[in-house]
Amino acid sequence: ATARSASVERQRRRFALLKQQALEWVFVSDRTPGDPRQAAAFFYARNHFLVRQVDHLVAVWDGGDGSTARTVQLARSLGRGVTVIDPKQEGRRLASS
């Protein structure tokens, strides 16, 4: 097996373990996106669902642009507390509000 396939397999096993340990599992959609635009719409719906469910969001975010940035911005705009953990600085917070 290649290093990439071994990494993917480790990620699948970790995901399965986390799923088994979850108290609740919520599907935002049971469909598989057919193209990148549809995938983006699914991620948008997932992130909005997530933010509506929490009082405080903990995000692992490197400060760059993208869906995590938009999710943090959405949470803040809705008055949710936000803690951001910078993955480049293990264990250090980027910001908290």
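In the predicted model, threonine 71 touches Asn47, Val51 and Leu57, when residues up to four places away in sequence are not counted. Threonine 71 belongs to helix α3, which spans residues 67-77, and with a relative accessible area of 9% it falls under the 20% limit and is therefore buried. It shares this status in α3 with Ala69, Val72, Leu74 and Ala75, and the buried residues of the helix pack against α2 (36-53), β1 (56-60) and β2 (81-85). Alanine 75, once its neighbours within four places in sequence are left aside, is in contact with Val51, Leu57, Arg80 and Val82. Just after α3, glycine 79 adopts a positive phi of about 80°.

The largest nonpolar core is made up of 10 residues, namely Val51, Leu57, Ala59, Trp61, Ala69, Val72, Leu74, Ala75, Val82 and Val84. Two or more residues are given to this core by each of β1, α3 and β2, and the largest share, four residues, comes from α3. Threonine 71, although buried, is not a member of the set, because a nonpolar core is drawn from buried Ala, Val, Leu, Ile, Met, Phe, Trp, Tyr and Cys residues.

The packing of α3 on α2 was examined next. Two packed helices are described by the angle between their axes and the distance between the axes. The axes of α2 and α3 come within 10 Å and cross at roughly 35°, and the crossing is right-handed. On the α2 side the contact is formed by Asn47, His48 and Val51, which meet Ser67, Thr71, Leu74 and Ala75 of α3. By character, the residues of this contact divide into three nonpolar, four polar and no charged.

Aromatic contacts were considered separately. A search of the whole structure finds one aromatic pair, formed by phenylalanine 15 and tryptophan 25 in an edge-to-face arrangement, with 5.5 Å from centre to centre and 70° between the planes. Phenylalanine 15 lies in helix α1 (residues 3-21), whereas tryptophan 25 lies in the loop between α1 and α2, so the pair ties together parts that are 10 residues apart in sequence. Phenylalanine 15 counts as partly exposed, at 46% relative accessibility, and tryptophan 25, at 38%, likewise counts as partly exposed.

Technical notes: Residues are numbered from 1 along each chain as its sequence is written. This is a predicted model: local features need pLDDT of at least 70, side-chain atom pairs count only at pLDDT 80 or more; totals for chains, interfaces and linings use all residues. Side-chain values use heavy atoms; hydrogens and water are left out. Buried means under 20% relative accessible area, exposed over 50%, partly exposed in between (1.4 Å probe, protein chains only). Contact means heavy atoms within 4.5 Å. A nonpolar core is a set of buried Ala, Val, Leu, Ile, Met, Phe, Trp, Tyr and Cys residues joined through side-chain atoms within 4.5 Å. Rings of Phe, Tyr and Trp (its six-membered ring) pair if their centres lie within 6.5 Å; planes under 30 degrees apart count as stacked, over 60 as edge-to-face and the rest as tilted. Axes are lines fitted to C-alpha atoms, for helices over the stretch in contact, and angles run from 0 to 180 degrees between N-to-C directions. A crossing is left-handed if the near helix is turned anticlockwise from the far one by less than a right angle, and right-handed if clockwise. Ala, Val, Leu, Ile, Met, Phe, Trp, Tyr, Cys and Pro count as nonpolar, Asp, Glu, Lys and Arg as charged, and the others, Gly among them, as polar.
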